[in-house]
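Welcome to a short set of exercises on reading a protein structure. Take each task slowly, try it yourself, and then follow the worked solution.

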Amino acid sequence: MSNERIDLTQFEEITKGTWEATGPEHPHYGVIRIHPCSATVRRYQRDWKTEEAWYANAKAIVAVPDLIAELKRMYKREDELLDALRIIRDDLDGIIASIEAVRSVFVGVLPQGIVREIETLQKVRNFANDASL
């Protein structure tokens with residue numbers, strides 16, 4: 001799997017509206033038509049594909065507009081979450097820097113519970129940094 005996003009601009013001119021499959025003329029072979037985009041899924045009597053695969057292919061084509069719309073929503077949500085992680089990372093950078101300044105003055109004096117909490121903050125900061133890259 002690639003970290004590269006699919007360029008959704010290539011699909012901006014697809015036929016608008018709800019797509020639906022109609023047909024076939026014969027239940028075991030023929031043409032399933034996809035409206036309103038004028039696509040077809042053909043199956044012949046001696047086709048190696050199963051009938052289930054034939055119908056599944058037609059359903060997949062019909063789902064294309066919804067899949068593209070969902071992917072757009074997911075990309076937008078991913079961007080929002082990455083922005084939130086960057087904010088958390090940046091805020092924790094400042095907090096940890098302040099804590100480290102105090103910690104350097106009180107070396108060996110801070111209670112173990114506070115030291116563990118500082119380590120937890122550092123782990124959260126590191127996670128936010130790694131996830132936002």
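**Exercise 1. Exposure of an arginine**

Is R77 buried, partly exposed or exposed?

*Solution.* Before we start, keep in mind that this is a predicted model.

Step 1. Take the cut-offs: buried means under 20% relative accessible area, and exposed means over 50%, with partly exposed in between.

Step 2. R77 has 46% relative accessibility, so R77 counts as partly exposed.

**Exercise 2. Salt bridges along a helix**

Find the salt-bridge partners of E80, and then look at the pair D83 and R86.

*Solution.* Here is the idea to begin with: side chains of opposite charge can pair when their charged atoms come close.

Step 1. Start with R77, which forms a salt bridge with E80; their closest N and O atoms are 3.3 Å apart. Both residues belong to helix α1 and sit three residues apart, about one turn of the helix.

Step 2. Now turn to K76. This lysine also forms a salt bridge with E80, with 2.9 Å between the closest N and O atoms. K76 and E80 are four residues apart in helix α1, again about one turn of the helix.

Step 3. Compare the exposure of these two. K76 is exposed because its relative accessibility is 53%, while E80, at 35%, is partly exposed.

Step 4. Move on to D83 and R86, whose closest N and O atoms lie 3.1 Å apart in a salt bridge. They too are in helix α1, three residues apart. D83 has 42% relative accessibility and therefore counts as partly exposed; R86 has 29%, so R86 is partly exposed as well.

Step 5. Salt bridges with shared partners also link R5, E78 and D79 into one network. The count for the structure comes to eight salt bridges.

**Exercise 3. Pairing the strands**

How many bridges join β1 to β2, and how many join β2 to β3?

*Solution.* Step 1. Place the strands: β1 covers 20–22 and β2 covers 30–35, while β3 covers 39–43.

Step 2. Three bridges connect β1 with β2, and these strands run antiparallel. In this pair, A21 stands opposite I34 in β2.

Step 3. Five bridges connect β2 with β3, which are antiparallel too. Here V31 stands opposite R42 in β3.

**Exercise 4. Special backbone spots**

Locate two cis peptide bonds and a residue with a positive phi.

*Solution.* For background, most residues other than glycine have a negative phi, and most peptide bonds are trans.

Step 1. Look at G23 and P24: the peptide bond between them is cis, with omega near 5°. P24 is in the loop between β1 and β2.

Step 2. Continue to H35 and P36, also joined by a cis peptide bond, with omega about 5°. P36 lies in the loop between β2 and β3.

Step 3. Stay in that loop, where S38 is found. S38 is not a glycine, yet its phi is positive, about 65°. The hairpin of β2 and β3 has three residues between its strands.

Step 4. Check the exposure of S38: its relative accessibility is 65%, so S38 counts as exposed.

**Exercise 5. Inside and outside**

Which residues make up the largest nonpolar core, and which form a nonpolar patch on the surface?

*Solution.* A helpful principle: in soluble globular proteins, nonpolar side chains tend to be buried together.

Step 1. The largest nonpolar core has eight residues: W19, I32, I34, C37, V41, W54, A58 and V62. Two elements, β2 and α1, each give two or more residues to this core. The largest share, three residues, comes from α1.

Step 2. Zoom in on C37. Leaving aside residues up to four places away in sequence, C37 touches T15 and W19.

Step 3. Now go to the surface, where V102, V105, F106 and V109 form a nonpolar patch with about 380 Å² of accessible area together. F106 sits in the loop between α1 (51–105) and α2 (112–131). F106 is partly exposed because its relative accessibility is 41%.

Notes
Residues numbered from 1 in each chain as written. Predicted model: local features only at pLDDT ≥ 70, side-chain atom pairs only at ≥ 80, totals over all residues. Heavy atoms only, no water. Patch = residues over 30% accessible without salt bridge, like charges linked within 9 Å, V, L, I, M, F, W, Y side chains within 5 Å. Areas by Shrake-Rupley, 256 points an atom, 1.4 Å probe, with all protein chains shown as cover. Salt bridge = Lys/Arg side-chain N within 4 Å of Asp/Glu carboxyl O. Buried < 20%, exposed > 50% of the residue type's maximum accessible area, 1.4 Å probe, protein only. Core = buried A, V, L, I, M, F, W, Y, C linked by side-chain atoms within 4.5 Å. Contact = heavy atoms within 4.5 Å. Pairing = 2+ DSSP bridges.
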